[in-house]
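Subject: Structure handover

Hello,

Please find the structure below, with the sequence. My notes on what was found in it follow.

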Number of protein chains: 2
Amino acid sequence: MRFTRLLNFTKLYRFGKPFATDATVIKPEEKDLKNCEKVNYFDIKVKENKTVLTLNLDYEDRIYGLGETLGGLNKRGKIYKLYATDDPVHSPEKESLYSSHPFVIIDKKFGFFIDYPSEIIFDIGYTKFDEMIITINSKDFDLYIFESKRALEVIREYLRLTGIPYIPPKWAFGYQQCRWSYPDAKTIKNIANNFREKGIPCDAIYMDIDYMKDYKVFTIDENKFPNFPEFVSEMKEKGFNLVPIVDPGVKIEKKYDVYEEGVENNYFCKDEKGEEFVATVWPGFTHFPDFLNPEVRKWWGEKYKLFTDLGIRGFWNDMNEPSIFFVPERLKNYLDKIYELKNKEVGLEFFMIKDKILLLSNNRDDYKSFYHVTPYGKYSNDQLHNLYGYYMAKATVEEGFEKIIPNERYLLLSRSSYSGHHRIATIWMGDNMSWWEHMLVNIRMLMSLNMAGFFYTGADIGGFGANSSPELVVRWMQLGIFSPLYRNHSALGTRNQEPWVFDENIEKILRNTIKLRYALIPYLYSEFFNSINNLKPFISPLFFHFDDKISKEVEDQFMIGNSIMATPIIQPNARGRYVHLPEAKWLYWSASNFKERNMKIYEPGDYYIKAELNEIPIFIKENSLILLNEEEINYVNEKPIKELTVIGFVTGSAEFTYFDDDGETYNFKNGKYVKINIVVKKTENGYNYEIEKDESEDFVSTVERIKFEIYDEKGNKHTQIFEI
Amino acid sequence: MRFTRLLNFTKLYRFGKPFATDATVIKPEEKDLKNCEKVNYFDIKVKENKTVLTLNLDYEDRIYGLGETLGGLNKRGKIYKLYATDDPVHSPEKESLYSSHPFVIIDKKFGFFIDYPSEIIFDIGYTKFDEMIITINSKDFDLYIFESKRALEVIREYLRLTGIPYIPPKWAFGYQQCRWSYPDAKTIKNIANNFREKGIPCDAIYMDIDYMKDYKVFTIDENKFPNFPEFVSEMKEKGFNLVPIVDPGVKIEKKYDVYEEGVENNYFCKDEKGEEFVATVWPGFTHFPDFLNPEVRKWWGEKYKLFTDLGIRGFWNDMNEPSIFFVPERLKNYLDKIYELKNKEVGLEFFMIKDKILLLSNNRDDYKSFYHVTPYGKYSNDQLHNLYGYYMAKATVEEGFEKIIPNERYLLLSRSSYSGHHRIATIWMGDNMSWWEHMLVNIRMLMSLNMAGFFYTGADIGGFGANSSPELVVRWMQLGIFSPLYRNHSALGTRNQEPWVFDENIEKILRNTIKLRYALIPYLYSEFFNSINNLKPFISPLFFHFDDKISKEVEDQFMIGNSIMATPIIQPNARGRYVHLPEAKWLYWSASNFKERNMKIYEPGDYYIKAELNEIPIFIKENSLILLNEEEINYVNEKPIKELTVIGFVTGSAEFTYFDDDGETYNFKNGKYVKINIVVKKTENGYNYEIEKDESEDFVSTVERIKFEIYDEKGNKHTQIFEI
């Protein structure tokens, strides 16, 4: 093993000759790598080409990280297998999801990142209560150790190493409506019209797989979407971004250009015999583009022009684990075994038929049987398995957007990802279920993914699979106002979840909920940028902010930015919940409506707070401020913000930095933004307000007025208006 | 429809000509049934042979009952389909489980019971937030309406109607160890020896399907269990009850006596053509005994002699929905469709193969295709589907135990059941999972099943399917001390869950946990009998005891008897939890060990209480008493109880009635029991103690000494010993 020191307190231990994954933005110089014998913290053993790292855990050790995984926020007590898979049932025993983020924080001790692109198994206090056993399926990997006892410092260092999080366009903070599927232009227009007619704000409508002609990537079914360019403009005019899905599998079909080009240029992954590998996914038999090959990425990236030329700026790359329904050869072998039963009496062979068919999908042996041609040589997909989603995104962004729409921001969700992905795009949380339990999974994953640099992310609000009840959709939509990605999505064959499908009262609650989200966008957008600037998670657990014992255990509350604590209702039929209010005092806003502000002061402590079906509990931290845009808008960029309302709970002094820019470009990097620094100080008789504007010539703030609504220790409201 | 009034406030509405299910012990006289036109509360419509009952729900209405169902304790917001099914994955969206208890309580309004033995769908505020829509698959059913606003009164009336709950032997309150499978005598002996050598109390070890010869019911595999009678005695001597499983499906095998007798006497269910219906379950091809036929029950009941003659008194009737893996004809049709694919290229037909195989098991059409010959005529299984488990139990009990071991108590668990089953036997909660989420399901179901008269019941502790972590097993075992049935069970292929399989520290915690359970048995057993006598649930939600608003929402705490509130830890890595302490003050015992009593007084309110991994939170209500047996025992009947410890929190006056009997017979019904009435009253200087013994000549109490350990308002301990 070789060793070097990187950054402030990061140590790199290089084992063997790892594949260069692109996870990090800082690469060690070969010359700096010195031989070394020992790694702190871990006991390391090599067993039959696997490396096993063992670490003793103390009773009180709490373990965080691992990005997109199930289990608690504290990851202790479960096995996690990082090997990207398309499993649509996220039940608690599942070990693998779509992404791999092998970054772990041992709170109060240190953190580490294992840069290895195939299977890693983290057994965290599961087999043995007091051991973490990490099994890496190789002898070649990089182990980065972050030697800080502070979780926030560990994360900052991880982000210095792997890169600054991706920034979506501002409209991506608006509400987004999805469904598998709105199958044609007519349906989408109806959905769009419904939003506008019912006065429910919305910024994006998704196009799931049915918009394509026979599920062929980079095609549009003309029957369902006649005159697609006009349709896109029409939607844009109404303030809707269309977000088409893009799948990697290319249908095998003569004369289909993407297929023909791919075959002609050897762009597809090949099998052992050097023939194009065939996997079955939505389009039927397909080939997989070899995104590990730079040439392939160039080719693929340009394809997005089909959409970007029409003004489309939002995409979701799906199925890129890559998901495999089955490989024809394996299915054939399976069926042959069934054919052998013909003319025989079939008894408990039934279980062979039943259980083995499940092994046909996403079979590891299939991933071993096709290859990538990388600049570093040829590797089986299995060897680099966890990278496919990332390299698809790299094709989309670096060879697509950066060339065809340079300087324009895009929304790019991917299903699969690897560490480092957060620099160029983000992910959504995959195919969850309309289960109350999945709201808690959503909350925990928001925090874990933020630790791994995915500041902008979210789950399918209301749940993707299974049917939802009106109450579940209400409560999840309420949670969603604190989710950076605020997207309601549901699967084919399940109950619809658009805000108006239940009854008038539910529609009213959901309208008010979404309007509250829109009112909060100045706060969210500003804090999002502040988080990026500080390399500090946008969504974070309480213990990042407070050091008391209970804060360390709370997994169903979270901070969004520095001022707001969310305490969503995640139990059926609950009309309230327990909340932990650490350290500071809190201003409690039981929000049923952004205009009605029923505020109450809480002392630190533990409470059961009430929250009727239409109420969203919002806690504002003592000596902090939030911003509201009280103007009603249909979509984010409909109207310039002329007036900001500052709500605060100030017993001493509070400060907030409002940030705004065009929301669509990277011009903020060249100073084209506005920052308004707002300070509120308690004085003997009231409050002192400071407003300091920092704007460039090229970007002038539209804000003309700032209204203050400050609450004092007794809950008394102090208002003040400033023209600026 | 016809109508009559029964009992105190029960109204029966008879629709059409319902099948006489045996659910009730009180039957109306035909002459008392008068024609009537209207039913209070419900809007009733008949649609194509289905009857739809609709009821408006107010925003604050809380709905309870439905016995063994998923969803919240408050059943609102979900669809429940009562149609017995063997579904081993109890994920939140599932609508059906193994049992049917169509008894519903609308708190503060009324209750009702629909006596109908096939599919009933309860859509409770799911499709419409403010409607309960009940669809009964028939025009023939009995609707009982209990007109009381008090939930406890509704339950009492339901139990008056359907019968007094079943009472298991006393040893059934001990710890029970199960596994699919301890496949042979040697393994079971090892398990038993482990318990004794490690000083971990245990009263029962289960025998899962592998004890049978080729899964043939009422056989014992002589290879695995040589000299079975001796083995049973040996186990009995060590204090272990063996509990064999009994499945209804009889293997089709010439010369197998049960099969031959069944065919000869027409004891098996027949198909449309009058031939024995064939279903595949564990033994392969089987026939189902027609338990609806009284003759068949007589035959079947006697079979248990095989076991009872050896002294076995515990059984679990499994697979009696009845579960069907597949019916040969349906499998054949399915396979024929697959065979047609031979020599064709198979594409998305894959989904036909994959999805349709799941429809082969427990297919409703199969239940329509076989018949029962009842005293009231011939019915398809589908028409009486939900009764099969009950009638199997009826065979076991009324034609078996009552005749072959009259006056002896038995443990009889069944997987499937119908209302009324609680009179003669009980159920366990079926195949749950080692999911943290299923601890909450366990808690909710304990309360719901208690409402339906299943006072003695429980879930598979540690979870049946999936692997468990050491922490999960600890926390579930801790919850389990408050579960009437305290059985640890796990499935083939999953991690073992015996108390010693993890590490020494976990073993120590589990030993102390089980010992605490044993120490509590005098309390549990007494309160169980008190519950039976009062027709009041043994395990009950807070709102049965306290009327404050929060108590109505609490679904993860429960009362066991009248003195103890359980607040189990059901989150991973939690070292505490929120508790609601209603109304009264509470004595908090953070129990890591029954001998160390770290007591603390809590005022009413809401708290975050600490509970390290080895600590079980126990709350004792103000002015109530609990009993402990502080002698260490290996099994319930090892030693007579000589000394009782009374722990109480008394600020005014508290009373408790200790109950004991032989624990094995029904002689208590003839006065052969002891009751010791204990009263503790606060006086000016201390406490006044009253002990009043009520014992018969035939049953003399073994208790010689009562130790009092009474805590006052300040948490000061007052001790006193009385020889009696």
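UniProt lists "domain: DUF5110" at residues 644–697 of chain A, in an unreviewed entry. The model itself is predicted. In it, residues 644–697 of chain A are 0% helix and 59% strand, and the C-alpha atoms at the two ends of the span lie 21 Å apart.

Chain B offers a hairpin to look at: strand E38 (residues 674–682) and strand E39 (residues 687–695) of chain B pair in the antiparallel sense over nine bridges. Four residues make the connection from E38(B) to E39(B) in this hairpin. Within the pairing, Val674(B) is opposite Glu695(B) in E39(B). As background, strands of a sheet pair through backbone hydrogen bonds, either parallel or antiparallel.

Two further domain annotations come from the record. UniProt gives "domain: Glycoside hydrolase family 31 N-terminal" (unreviewed entry) for residues 47–123 of chain A. That span is 0% helix and 39% strand, with its end C-alpha atoms 16 Å apart. UniProt also places "domain: Glycosyl hydrolase family 31 C-terminal" (unreviewed entry) at residues 536–626 of chain A. Here the chain is 0% helix and 43% strand, and 18 Å separates the end C-alpha atoms.

Next, a sheet in chain A. Three strands make up an open, antiparallel sheet, in the order E16-E19-E18. Which strands stand at the edges? They are E16 (250–251) and E18 (279–281) of chain A; each has a single partner strand, so one side of each is left without a neighbour in the sheet. E16(A) pairs with strand E19 (residues 284–287) of chain A through two bridges, in the antiparallel sense. Lys251(A) is the residue opposite Thr286(A) in E19(A).

On to the two chains together. How is chain A related to chain B? A turn of 180° with a shift of 0.0 Å along the axis lays chain A on chain B, at an RMSD of 0.0 Å. The two copies are thus related as by a two-fold rotation axis. In chain A, the C-alpha nearest that axis belongs to Tyr339(A), at 2.9 Å from it.

The interface between the copies can be described by contacts, area and polar pairs. On the chain A side 65 residues are in contact with 66 residues of chain B. Of the interface residues of chain A, 100% are also interface residues in chain B, so the copies meet through the same surface. About 5,900 Å² is buried between chain A and chain B, and carbon and sulfur atoms give 64% of this area.

Between chain A and chain B there are 32 residue pairs in polar contact, with both residues at pLDDT 80 or more. The number of salt bridges between these chains is two. A salt bridge joins the side chains of Glu612(A) and Lys549(B), with 3.3 Å from N to O. Several elements of chain A give two or more residues to the side that touches chain B, among them E18, helix H7 (328–339), helix H8 (350–357) and helix H11 (437–451). Helix H12 (470–480), strand E30 (576–581) and strand E33 (605–610) of chain A also belong to this list.

Over all chains, the whole structure holds 107 salt bridges. Lys394(A) and Asp22(A) form a salt bridge through their side chains, at 2.7 Å from N to O. This pair links distant parts of the chain, 372 residues apart: Lys394(A) is in helix H10 (residues 388–404) of chain A, while Asp22(A) is in the loop between strand E2 (10–15) and strand E3 (34–35) of chain A.

Last, some points of backbone geometry:

- The peptide bond between Trp180(A) and Ser181(A) is cis, with omega about 5°. Ser181(A) sits in the loop between strand E13 (175–177) and helix H2 (185–197) of chain A.
- In chain B, a cis peptide bond runs from Glu321(B) to Pro322(B), with omega near -10°. The loop between strand E20 (314–317) and helix H7 (328–339) of chain B contains Pro322(B).
- Glu48(A), a residue other than glycine, has a positive phi, near 40°. Glu48(A) is located in the loop between strand E4 (43–47) and strand E5 (50–56) of chain A.

Regards

Note on methods. Residues are numbered from 1 along each chain as its sequence is written. Chains are lettered from A and ligands numbered from 1 in the order in which they are written. This is a predicted model: local features need pLDDT of at least 70, side-chain atom pairs count only at pLDDT 80 or more; totals for chains, interfaces and linings use all residues. Side-chain values use heavy atoms; hydrogens and water are left out. UniProt positions are given in the numbering used here, feature names are shortened, and annotations may be inferred rather than shown by experiment. Two strands pair if DSSP finds at least two bridges between them. Copies are superposed by least squares on the C-alpha atoms of residues with pLDDT of at least 70 in both. Contact means heavy atoms within 4.5 Å. Buried area is the accessible area (1.4 Å probe) that two parts lose on being put together, summed over both. A salt bridge is a side-chain nitrogen of Lys or Arg within 4 Å of a carboxyl oxygen of Asp or Glu. A polar contact is a pair of N or O atoms within 3.5 Å; within protein, one must be able to donate a hydrogen and the other to accept it, and residues adjacent in sequence count only if both atoms are side-chain atoms.
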